[in-house]
Amino acid sequence: MSFVDALVILAASPRPIRFVMDHSIFRIPVLSFVFRTGKAIPIAPAREDPRLLDEAYEKIAAALEAGELVGIFPEGRITDSGDILPFKGGIRRIVERTPVRVVPMALSGLWGSFFSRKDGRAMTRPFRRGMFSRIVLTAGAPVEAALATPEALQQRVVDLRGDRR
């Protein structure tokens, strides 16, 4: 939904989470510092940088094997409509290599905020929705690796979010 989704999820988690983030976010000075400090894993599409993509999957597997939490955004990009975009196949590749349970989560309340792409570029209109907004993070029951397909997980996230954006 927004450029701060990972930060909201981190704030709600009692354990550290290593997020998989698009490599381009590491070029933004403040965000780069935050995500590098948090040991985020940069990833790129195969058409842009196949080496970085393979390195990302190696780092994800190593983190999961070490018992760390890894957070991914399976849509692969931030929405510009407020709708949940189709989940990509990376989750399948992750759980085939390292079979772990997947906890689906739905975040709402950030669409239309300063950090979202509602009505254009993000972070260009402060106080677009006022000073305060209610943010809701809903976690679902863990899904066994064998059942963690992009389609099944997307349906669970849609169900968790309901009609909230």
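A salt bridge here is a side-chain nitrogen of Lys or Arg within 4 Å of a carboxyl oxygen of Asp or Glu. I applied that to R97 and E58, and their side chains do meet in a salt bridge, at 2.9 Å from N to O. R97 lies in helix 4 (residues 90-97) and E58 in helix 3 (residues 50-65), so this pair ties together parts that are 39 residues apart in sequence. I note that the model is predicted.

**Exposure of the first pair**

I looked up how covered the two partners are. R97 has a relative accessible area of 42% and is partly exposed. E58, with a relative accessible area of 46%, is partly exposed as well. Buried would need under 20% and exposed over 50%, so both values fall in between.

**Other salt bridges**

I found six salt bridges in the structure. One of them joins R92 to E151, with the closest N and O atoms 3.4 Å apart. This pair links distant parts of the chain, since R92 sits in helix 4 and E151 in helix 5 (residues 150-161), 59 residues apart. R92 is partly exposed, with a relative accessible area of 33%. E151 counts as exposed because its relative accessibility is 52%.

I then asked which residues are joined into one network by salt bridges that share partners. They are D49, R51 and E55. Within this group I checked R51 and D49, which form a salt bridge whose closest N and O atoms are 3.9 Å apart. R51 counts as exposed at 51% relative accessibility, while D49 counts as partly exposed at 22%.

**Overall layout**

I went through the elements next. The protein chain has five helices and five strands. Along the sequence, they follow the pattern α-β-α-β-α-β-α-β-β-α. Of the 165 residues in the protein chain, 39% are buried.

**Strand 1 and its partners**

I looked at strand 1 (residues 17-22) and found five of its six residues buried. Strand 1 pairs with strand 3 (residues 69-71) in the parallel sense, over three bridges. In that pairing I see F19 opposite G71 of strand 3. Strand 1 also pairs in the parallel sense with strand 2 (residues 41-43), again over three bridges. Here V20 stands opposite I41 in strand 2. Between these two strands the chain passes through helix 2, and the resulting β-α-β crossover is right-handed.

**Nonpolar core**

I listed the largest nonpolar core, which has twelve residues: F3, A6, I9, I17, F19, M21, I25, F26, L31, F35, A40 and I78. Helix 1, strand 1 and helix 2 are the elements that give two or more residues to this core. Which element gives the most? Strand 1 does, with three residues. F19, already noted opposite G71, is among the core residues.

**Nonpolar patch on the surface**

I also checked the surface for nonpolar side chains. L7, L10, V30, F33 and V34 form a nonpolar patch there, with about 430 Å² of accessible area together. The elements that give two or more residues to the patch are helix 1 (5-12) and helix 2 (29-37). The largest share, three residues, comes from helix 2. I picked V34, which is found in helix 2, for a closer look. V34 counts as partly exposed because its relative accessibility is 32%. Patch residues need over 30% relative accessible area, and V34 has 32%.

How values were computed:
Residues numbered from 1 in each chain as written. Predicted model: local features only at pLDDT ≥ 70, side-chain atom pairs only at ≥ 80, totals over all residues. Heavy atoms only, no water. Patch = residues over 30% accessible without salt bridge, like charges linked within 9 Å, V, L, I, M, F, W, Y side chains within 5 Å. Areas by Shrake-Rupley, 256 points an atom, 1.4 Å probe, with all protein chains shown as cover. Helix = DSSP H or I, 4+ residues; strand = E, 2+ residues; numbered from the N terminus. Buried < 20%, exposed > 50% of the residue type's maximum accessible area, 1.4 Å probe, protein only. Pairing = 2+ DSSP bridges. Right-handed = clockwise from strand over helix to strand, strands pointing away. Core = buried A, V, L, I, M, F, W, Y, C linked by side-chain atoms within 4.5 Å.
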